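Open the model in your viewer and keep the sequence panel beside it. This tour goes stop by stop, telling you what to select and what you will find there.

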Amino acid sequence: MIRAVERTQTVEVVVLALRTAAASASEDTRIQNEARVGLMYANGLEREADGASRNPWIDPLAQGESEGAVMVGFTESQESLMLFG
């Protein structure tokens, strides 16, 4: 009986560790996506991104869209075309 309890506790610890690792990886990905979009604004539009304007670029990255596809959309955005034609 004691070993069964120990195994159950061990499984619970492993599950908790896996959930924590997944949440941490998700947070790291979000931070990386925000940094990528920040660089796109700094280099492409020569300004900082405000909160509302960066979400349309962060969301596709979070959903698995390639960075290249997002970059194409960014360079073809209305603001980019107004600045650079």
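## Stop 1: Colour by confidence

Colour the chain by pLDDT. H1 has the lowest confidence in the chain, with a mean of 75, and H3 has the highest, at 92. This is a predicted model, and the chain averages a pLDDT of 82. A score of at least 70 is reached by 82% of the residues. Where pLDDT is low, the predicted coordinates should not be read in detail.

## Stop 2: The whole chain

Switch to cartoon. The chain has four helices and zero strands. Read from the N terminus, the order is α-α-α-α. Three helices matter for this tour. H1 covers residues 2–45, H2 covers 51–62, and H3 covers residues 67–75.

Now show the surface. The accessible area of the chain is about 6400 Å². Carbon and sulfur atoms account for 58% of that area. Of the 85 residues, 15% count as buried.

How far apart in sequence are the residues that touch? Take the contacts between residues at least 6 apart: 48% of them join residues at least 24 apart.

## Stop 3: The nonpolar core

Hide the surface. Select Val37, Met40, Tyr41, Leu45, Trp57, Ile58, Leu61, Val70 and Phe74, and show them as sticks. These nine residues make up the largest nonpolar core. In soluble globular proteins, nonpolar side chains tend to be buried together.

Which helices supply this core? H1, H2 and H3 each give at least two residues. H1 provides the largest share, four residues.

Stay here and centre on Ile58. Set aside its neighbours within four places in sequence. Ile58 is then in contact with Asn33, Glu34 and Val37. Of these, Val37 is also a member of the core. Glu34 will come up again at the salt bridges.

## Stop 4: The aromatic cluster

Keep Tyr41, Trp57 and Phe74 from the core selection and hide the rest. Ring pairs link these three into a cluster. How many aromatic pairs are there? The count is two.

Begin with Tyr41 and Phe74. Their rings are edge-to-face, at 5.0 Å centre to centre and 75 degrees between the planes. Tyr41 sits in helix H1 and Phe74 in helix H3, so this pair ties together parts that are 33 residues apart in sequence. Both Tyr41 and Phe74 are buried.

Turn to Trp57 and Phe74. This pair is edge-to-face, with 5.3 Å centre to centre and 75 degrees between the planes. The pair links distant parts of the chain, with Trp57 in helix H2 and Phe74 in helix H3, 17 residues apart. Trp57 is buried, as is Phe74.

Phe74 takes part in the pair with Tyr41 and in the pair with Trp57. Centre the view on Phe74 to see the two partners together.

## Stop 5: The salt bridges

Now show the charged side chains. Side chains of opposite charge can pair when their charged atoms come close. The structure holds five salt bridges. Three of them are visited here, one at a time.

Select Glu67 and Arg36. Their side chains form a salt bridge, 3.0 Å from N to O. The pair links distant parts of the chain: Glu67 belongs to helix H3 and Arg36 to helix H1, 31 residues apart. Are these side chains buried, exposed or partly exposed? Glu67 is partly exposed, with a relative accessible area of 40%. Arg36 also counts as partly exposed, at 31% relative accessibility.

Next, select Glu27 and Arg30. This salt bridge is 2.3 Å, N to O. Both residues lie in helix H1, three residues apart, about one turn of the helix. Glu27 is partly exposed, at 35% relative accessibility. Arg30 is partly exposed too, at 34%.

Move on to Asp50 and Arg47. Their side chains meet in a salt bridge of 3.9 Å, N to O. Asp50 counts as partly exposed, at 39% relative accessibility. Arg47 is partly exposed, with a relative accessible area of 27%.

For the last selection, add Glu34 to Glu27 and Arg30. Salt bridges that share partners join these three residues into one network. Glu34 is the residue you met earlier, in contact with Ile58.

Technical notes. Residues are numbered from 1 along each chain as its sequence is written. This is a predicted model: local features need pLDDT of at least 70, side-chain atom pairs count only at pLDDT 80 or more; totals for chains, interfaces and linings use all residues. Side-chain values use heavy atoms; hydrogens and water are left out. Buried means under 20% relative accessible area, exposed over 50%, partly exposed in between (1.4 Å probe, protein chains only). Contact means heavy atoms within 4.5 Å. Accessible areas come from the Shrake-Rupley method with a 1.4 Å probe; for residues, only the protein chains shown count as cover. A salt bridge is a side-chain nitrogen of Lys or Arg within 4 Å of a carboxyl oxygen of Asp or Glu. A nonpolar core is a set of buried Ala, Val, Leu, Ile, Met, Phe, Trp, Tyr and Cys residues joined through side-chain atoms within 4.5 Å. pLDDT is the predictor's confidence in each residue, from 0 to 100. Rings of Phe, Tyr and Trp (its six-membered ring) pair if their centres lie within 6.5 Å; planes under 30 degrees apart count as stacked, over 60 as edge-to-face and the rest as tilted.
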